[in-house]
Amino acid sequence: MSTLVLPIFPLPDLTFFPHTLLPLHVFEARYRAMVMDALERDRRICVVKLRPGYESVYAGKPAVHPVGGAGEIVSCERLATGRYNILVRGDCRVRIEDELPTDTLYRVVRARRLEDLPPVGDVSAVVARIRASCAALLQALERPADMLDTALADGQPAGVVADRIAAAVIPDVNLRQQLLETTDVAARVARVASALETLVNELRGGRG
């Protein structure tokens, strides 16, 4: 369905992309309650990035970005302390439409699923740039050459490749949020390609 009712897990500097896996350590009482309730329902939660300035009002309802990532809790370990280690599988982008009144410790929103806008033309050349930059990046960092093989696997839509590489590689937290909010696949793939090329150039000391 295009409209979803989801509990939100606001986090600083974290962007949750579709088609990725996100491990989370849940220790606050309100979010432990959120996990327990989600496990009893459909196992779905929404991870949203906190806006700057959240520190001063974190105990209340700090502002969050309007677009987040929704996904399903696919594994859960409850620790002796009552905390949880969970693994969430990203399913889709969502735009928060409004926050619902609730008697729970955590926050619940009504959100609209955001669908990708497929590219009109062929973006395979841009995806090839992403692959080449990833190979150069791994070489520059002296990491195994096959480290990103899953994210770059053949047969995936271009938008999926862009999401997985953005989540795994791009360090700029603001750019990651912008990429999450970009439903135009051609634009998203191009921005990931450019960001990777810039990153590789920086690691090489501007030598290109």
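## A tour of salt bridges and a helix

This predicted model holds 13 salt bridges. Side chains of opposite charge can pair when their charged atoms come close. The stops below visit some of these pairs, then a helix and an arginine without a partner.

**Stop 1: R113 and D91.** Select both residues. They form a salt bridge, and their closest N and O atoms are 3.3 Å apart. R113 sits in strand β6 (residues 107-114) and D91 in strand β5 (residues 84-100), so this pair ties together parts that are 22 residues apart in sequence. Now show the surface. R113 is partly exposed, with a relative accessible area of 21%. D91 is partly exposed too, at 34%.

**Stop 2: D163 and R93.** Stay on β5 and pick R93, then add D163. Here the closest N and O atoms are 2.7 Å apart, in another salt bridge. D163 belongs to helix α3 and R93 to strand β5, so the bridge ties together parts that are 70 residues apart in sequence. Are these two residues buried or exposed? Both D163 and R93 are buried. Next, add D116 and R188 to the selection. Together with R93 and D163, they are linked in a network of salt bridges.

**Stop 3: E197 and R129.** Select this pair. Their side chains meet in a salt bridge, 2.7 Å from N to O. E197 lies in helix α5 and R129 in helix α2, so the pair ties together parts that are 68 residues apart in sequence. E197 is partly exposed, at 31% relative accessibility. R129 is partly exposed as well, also at 31%.

**Stop 4: helix α2.** Select residues 124-140. How far apart should the ends of these 17 residues be? At 1.5 Å a residue, the helix should span 24 Å, and its end C-alpha atoms are 24 Å apart, which agrees. Color the buried residues: V126, V127, I130, S133, C134, A136, L137 and L138. An α-helix has 3.6 residues a turn, so residues three or four places apart point the same way. Now show what covers the buried residues of α2, including α3 (158-169) and α5 (185-203). After α2 comes E142, with a positive phi near 55°.

**Stop 5: R176.** Move to helix α4 (residues 173-180) and click R176. R176 is buried, yet it has no salt bridge. Where is the nearest side chain of opposite charge? D13 is that residue, and it is 6.8 Å away. A salt bridge needs the nitrogen and oxygen within 4 Å, so this pair does not count. Display what R176 touches beyond four places in sequence: D13, T15, F17, A166, I170 and P171.

Technical notes
Residues are numbered from 1 along each chain as its sequence is written. This is a predicted model: local features need pLDDT of at least 70, side-chain atom pairs count only at pLDDT 80 or more; totals for chains, interfaces and linings use all residues. Side-chain values use heavy atoms; hydrogens and water are left out. Helices (H or I, at least four residues) and strands (E, at least two) are DSSP runs, numbered from the N terminus. The expected span of a helix is 1.5 Å times one less than its number of residues. Buried means under 20% relative accessible area, exposed over 50%, partly exposed in between (1.4 Å probe, protein chains only). Contact means heavy atoms within 4.5 Å. Lys and Arg count as positive and Asp and Glu as negative; His and the chain ends are not counted.
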